[in-house]
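Thanks for coming. I have one structure to show today, and I will put it on the screen now.

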Amino acid sequence: LDDVRPDPSRLPSLLKALAHARHLPVYRWIVEWMQQRRNGGSRDLQSEASEQAAGRGVGRPARVDHRLAQARSEEEVALILNKERMGARRLTSIMKAMASEQDLDVCRWCLDWARRRGVANEFHFSCFVRLAGRHGRWESAAAAFEQMSSAGIACDVVIYNALLSAYEKGGQWQLAAETMDRMLASGVEPNIVTHNVLISAYAKGGQWELATEAFHRVKDGGLSPNAVTYSALMRALGNGGNWQGAAAVFREMREAGVQPDKRAYSAMASACARGGQSLMAWKVLKSMHVSSGEPGNFACGPPAGLSGQLGEQENVLDVTEGTSEEGMRLSTALHSWGPQNRGRGPSSNAPS
């Protein structure tokens with residue numbers, strides 16, 4: 001800005017654009033630069049721009065956000081919010097700004113202030129629950145959810161998904177399952193995001209059978225599984241040592257017309273590696289790189305040490321190419337895995 005010497009009349013429009021785009025750090029740097037220019041004696045540039053920005057309602061929210069970001073206690077946050085006579089709608093934008101900067105403490109203090117004032121709404125709670133989940137604080141997310149329910153605020157699918165995501169990130173698959181049951185009992189209809197998060201929670205907990213049941217409920221409910229759904233199920237089957245089931249899911253995914261992404265390829269390759277099928281894992285990774293147009297080292301063929309490991313299971317490799325007319329189906333693979341292998345961990349000879 002010192003080099004460009006911008007026209008003071010253009011600074012308010014620049015600040016307004018940054019505020020709408022939520023580029024708060026850049027917004028603050030420009031405001032601080034304007035203050036430095038004022039303190040240095042160039043009052044004409046700063047005063048005109050700041051007055052126009054305040055007249056358009058741009059400068060005030062940024063100053064509040066800046067003070068809240070510097071707050072170090074709940075009392076300090078309450079003092080700022082009381083002084084600004086903060087309303088529910090304006091507090092929503094403030095909390096979203098704090099969430100975008102991953103400031104969990106300030107976001108929680110803002111929520112507590114809103115609860116005491118009786119202005120907390122579903123947006124405030126969902127904002128905090130999502131942020132707490134990203135920080136791995138599933139206990140805080142659960143506590144906020146219960147506070148929301150106790151306050152008589154209706155819980156929709158958005159807040160349920162945020163709570164499920166917090167449980168999934170915290171490895172609490174039992175609580176995720178209970179939340180799903182509670183959601184259905186309250187009459188809230190789950191969407192594909194709900195099922196994806198639940199299957200992913202089962203995957204992290206090593207519950208591939210429950211993940212399979214959840215996957216079938218997606219279809220029974222009239223929803224179409226997407227790439228995230230298939231990837232989560234393959235990850236669950238791979239973690240449970242069921243690489244055959246993961247291969248069947250991969251083939252079903254392609255037959256359903258869902259294009260595998262990097263997560264799907266990675267989940268399939270990991271399942272093969274855990275099952276001791278290193279050659280098939282290499283072939284899956286090769287398919288991923290070839291489909292992305294970057295074959296890299298995979299164009300040279302597999303390493304010699306991987307050949308001859310599949311034996312009579314070699315035909316399963318067709319699932320990665322989509323050319324076999326008699327590939328394994330999902331139900332066939334899961335039943336052929338057999339109850340005697342349920343709960344068995346990864347193969348001992350699986351490569352690291």
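I will go through the overall makeup, then some helix pairs, then one helix and one residue in detail.

Please keep in mind that this is a predicted model. The protein chain has 18 helices and zero strands. Of its 352 residues, 47% are buried. As for contacts, take those in the chain with a separation of 6 or more: 64% of them are between residues 24 or more positions apart.

Now the helix pairs. Two numbers describe a pair of packed helices, namely the angle between their axes and the distance between those axes.

I start with α11, which covers residues 173-185, and α12. Their axes lie 9 Å apart, at an angle of about 150°. Over 145 degrees counts as roughly antiparallel, so α11 and α12 are roughly antiparallel to each other. Their crossing is left-handed. On the α11 side, the residues in contact are W173, A176, A177, M180 and M183. They meet T194, H195, L198, A201 and Y202 of α12. By type, the residues of this contact are eight nonpolar, two polar and no charged.

Next, α12 also packs on α13. Here α12 is residues 192-204 and α13 is residues 208-220. The angle is about 170° and the axes are 8 Å apart, so α12 and α13 too are roughly antiparallel to each other. The crossing of α12 and α13 is left-handed. Which residues of α12 meet α13? They are I192, H195, L198, I199 and Y202. Their partners in α13 are L210, A211, A214, F215, R217 and V218. This contact divides into nine nonpolar residues, one polar and one charged.

If you compare the two lists for α12, you will find H195, L198 and Y202 both in the contact with α11 and in the contact with α13.

The third pair is further along the chain: α14, residues 227-239, and α15, residues 243-255. Their axes are 8 Å apart and the angle is about 165°. That angle makes α14 and α15 roughly antiparallel to each other, and α14 passes α15 in a left-handed crossing. From α14, the contact uses A227, Y230, L233, M234 and L237. From α15, it uses G245, A246, V249, F250, E252 and M253. The count by type is nine nonpolar, one polar and one charged.

Now a single helix, α5, residues 74-83. Where do its buried residues sit, seen down the axis of α5? The buried residues are V77, A78, I80 and L81. They fall within an arc of 165°, so they line one face of the helix. On the face turned away from that buried side are the exposed residues E75, L79 and K83. Note that a leucine, L79, is among the exposed residues there. Just after α5 comes R85, with a positive phi of about 50°.

Last, one residue: S140, in helix α9, which covers residues 138-150. Is S140 buried or exposed? Its relative accessibility is 19%. Buried means under 20%, so S140 counts as buried. Leaving out residues up to four places away in sequence, S140 touches F128 and A132.

To recap the pairs: α11 with α12, α12 with α13 and α14 with α15 are each roughly antiparallel. I will take questions now.

Notes. Residues numbered from 1 in each chain as written. Predicted model: local features only at pLDDT ≥ 70, side-chain atom pairs only at ≥ 80, totals over all residues. Heavy atoms only, no water. Axes fitted to C-alpha atoms, helices over the stretch in contact; angles between N-to-C directions. Helix = DSSP H or I, 4+ residues; strand = E, 2+ residues; numbered from the N terminus. Parallel < 35°, antiparallel > 145°, perpendicular 65-115°, else oblique. Left-handed = near helix turned anticlockwise from the far one by under 90°. Contact = heavy atoms within 4.5 Å. Nonpolar A, V, L, I, M, F, W, Y, C, P; charged D, E, K, R; others polar. Buried < 20%, exposed > 50% of the residue type's maximum accessible area, 1.4 Å probe, protein only. Arc of directions from axis to C-beta.
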